[in-house]
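User: Please take a close look at the salt bridges in this predicted model. Which side chains take part, where do they sit along the chain, and are they buried or exposed?

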Amino acid sequence: MNRSRLMEFKAELILILLTAIWGGTFALIKGALDYASPLVFVSIRFGIAALILFPFVYKQFKGLTRQQILDGLLIGWWFFPGFILQTVGLQYTTASKSAFITGTFVIFTPIAQMVIMKKLPTLVNTIGIGIAGVGILLLSSGDGDVVSVLSELGSTFNFGDLLTLICAMSFSIYIVYLDVVTKRNNYLYATFSQLAFTTVAALILMPVFHFTGVERVMFVLNNELIFAFIYTIFFATLFNITMMTKYQKEVPPVKAAILYSFEPIFAALIAYLLLDERFTTLGFIGATIIFTGLIITEVFRKEETADG
């Protein structure tokens, strides 16, 4: 195993670890939103994380070029929607529809890569994406079946579904731009840019959403909310976003999308272990299929090549 392949394999393991940590946030945030509205939660979570990171990154601000400033704004612009649109969308749609629509970022990522990087994914990664997509559909079925999920999606597509779909598209574009931006910028500066942009955007949108009735401002501090903040600020944000920003550039964007598709698997597993929620047969099959998609991309791996 050559040095570059060893580095890529290390990055893949780190990205899988990050999805496990993110998988643990679902139950915490779901409970926390009973006491804090989404934009309030997001602004506090990312605001505190940005303040903690600032002493380690402020030196990077000296001599910033116009391109570096634009890069920071670019990844912040695509990072923010993925964290807020899904949460707001859940108020208008079902959990199974949200899970499936969010998972379509796996399908959108190779399209984003072709448009932004002018690079086609390899055949093996394309097959892996297709397999992971099937696995996400099964994992999203819950106690129902695949037909019921697709039927519900097609017959009752609503505002929440639209927000969630935009979230999936945004995250796929973010994955590709993160690969581009982090290859020419310090990873701590890139991390801070995402956290700061998300904080400012949430603070700006908070009064807008409140007075238009989209989301009423709510904040009731208690132990459950404090624990959710501790976990999401230090683990799911500071550690995860920093490591993601540092290591994702070692993995092709399409391959990274397959790795991130493990998040609902970890979310379901943690809910099963900690919340005594059922892990359905279809869910288990879906998880196995997603894992199979990853194995195929590893065993039959080829270097990404640009085909025009």
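**Salt bridges and their surroundings**

Analyst: Lys255 and Glu12 are both buried, and in this predicted model their side chains meet in a salt bridge with an N to O distance of 3.0 Å. This pair links distant parts of the chain, since Lys255 belongs to helix α12 (residues 253-260) and Glu12 to helix α1 (residues 3-23), with their positions 243 residues apart.

The search of the whole structure finds three salt bridges, and another of them joins Arg184 to Asp71, whose closest N and O atoms are 2.8 Å apart. Here too distant parts of the chain are linked, with Arg184 in the loop between α9 (159-181) and α10 (187-212) and Asp71 in helix α4 (residues 66-89), 113 residues apart. The two partners differ in their surroundings: Arg184 is partly exposed, at a relative accessible area of 45%, whereas Asp71 has a relative accessible area of 2% and therefore counts as buried, the cut-off being under 20%.

A further salt bridge is formed by Lys183 with Asp179, and in this case the closest N and O atoms lie 3.3 Å apart. Lys183 has a relative accessibility of 53% and so counts as exposed, for which the value must be over 50%, while Asp179 is buried, with a relative accessible area of 2%. As for why such contacts arise, side chains of opposite charge can pair when their charged atoms come close.

How values were computed:
Residues are numbered from 1 along each chain as its sequence is written. This is a predicted model: local features need pLDDT of at least 70, side-chain atom pairs count only at pLDDT 80 or more; totals for chains, interfaces and linings use all residues. Side-chain values use heavy atoms; hydrogens and water are left out. A salt bridge is a side-chain nitrogen of Lys or Arg within 4 Å of a carboxyl oxygen of Asp or Glu. Helices (H or I, at least four residues) and strands (E, at least two) are DSSP runs, numbered from the N terminus. Buried means under 20% relative accessible area, exposed over 50%, partly exposed in between (1.4 Å probe, protein chains only).
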